[in-house]
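Student: Please take a close look at a single part of this model for me. I would like to see its surroundings first, and then the part itself.

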Amino acid sequence: MADLKKMAEDIVGLTLLEAQELKTILKDEYGIEPAAGGAVMMAGPADGAAAAEEQTEFNVILVAAGQSKINVIKEVRAITGLGLKEAKELVDAGGKAVKEGIDKAEADDIKAKLEAAGAEVEIK
C-alpha cells in the first residue's frame, strides 16, 4: 500500500511546471481529466483562497452619533468599558472603531444596540 501522506506531501510540493506535467500524464496515460480547468490539481490552493475570502474578524465603526448623542455615549461605555470622557471623545470623533477584531455575531449585536440608541454604524 502506498504511503498516502508522503504522496500528498509530494503533490503539494510540486512546482507549477511539475503540476502541469502531472496533469498531462494523468490525461494522456490514464484518461483522467481535471474538472473546471484544473480543480483536481489546484484543490488545495483553491480551498485556501475561498477561506481567505471569508472574513472572520469584523470591526464595528461608529459613523455618526445621530440625534441621541447621550444615549449613544452610554451604549459605547457599556460596550467598551471606557470612561465617560473617552466614550464621549470616541462618539464626537465619528468614523472610529468601537470594537475591532470580533466575530460576526458580536458585531451584529453591537451594531443593533448602537442603532437602537440612535447611532449610524457600519461593520467592516
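Tutor: Confidence comes first. This is a predicted model. Its mean pLDDT is 79, and 82% of the residues reach 70 or more. The weak stretch is residues 37–46, where the pLDDT is below 50. Beyond near neighbours in sequence, that stretch has 7 contacts in the model.

Now the overall layout. The protein has 6 helices and 3 strands. Along the sequence they run α-α-α-β-α-α-β-α-β. Of the contacts with a separation of 6 or more, 63% join residues 24 or more positions apart. Buried residues account for 19% of the 124 residues. The accessible surface is about 8,700 Å², and carbon and sulfur atoms hold 54% of that surface.

The part to look at is the loop between α6 (104–116) and β3 (120–123), where alanine 117 lies. Is alanine 117 buried or exposed? Its relative accessible area is 10%. The cut-off for buried is under 20%, so alanine 117 counts as buried. Which residues does alanine 117 touch, leaving aside those up to four places away in sequence? They are Ser68, Asn71, Val72 and Glu75. Lysine 69 gives a distance for the same region of sequence. Alanine 117 and lysine 69 are 48 residues apart in sequence, yet their C-alpha atoms are 8.2 Å apart in space.

Step back into the helix that precedes this loop. Alanine 105 is found in α6. Its relative accessible area is 57%. Exposed means over 50%, so alanine 105 is exposed, whereas alanine 117 is buried. Alanine 105 also has a partner distant in sequence: phenylalanine 58 is 47 residues away along the chain. From C-alpha to C-alpha, that pair is 9.6 Å apart.

For a contrast, turn to the N-terminal helix. Isoleucine 11 lies in α1, residues 4–12. With a relative accessible area of 41%, isoleucine 11 falls between the two cut-offs, so this residue is partly exposed. Isoleucine 11 also belongs to a nonpolar surface patch. Leu4, Met7 and Leu14 are the other members, and the patch covers about 340 Å².

To sum up the chosen part: alanine 117 sits in the loop between α6 and β3, is buried at 10%, and touches Ser68, Asn71, Val72 and Glu75.

Technical notes:
Residues numbered from 1 in each chain as written. Predicted model: local features only at pLDDT ≥ 70, side-chain atom pairs only at ≥ 80, totals over all residues. Heavy atoms only, no water. Helix = DSSP H or I, 4+ residues; strand = E, 2+ residues; numbered from the N terminus. Buried < 20%, exposed > 50% of the residue type's maximum accessible area, 1.4 Å probe, protein only. Contact = heavy atoms within 4.5 Å. Patch = residues over 30% accessible without salt bridge, like charges linked within 9 Å, V, L, I, M, F, W, Y side chains within 5 Å. Areas by Shrake-Rupley, 256 points an atom, 1.4 Å probe, with all protein chains shown as cover. Salt bridge = Lys/Arg side-chain N within 4 Å of Asp/Glu carboxyl O. pLDDT = per-residue confidence, 0-100.
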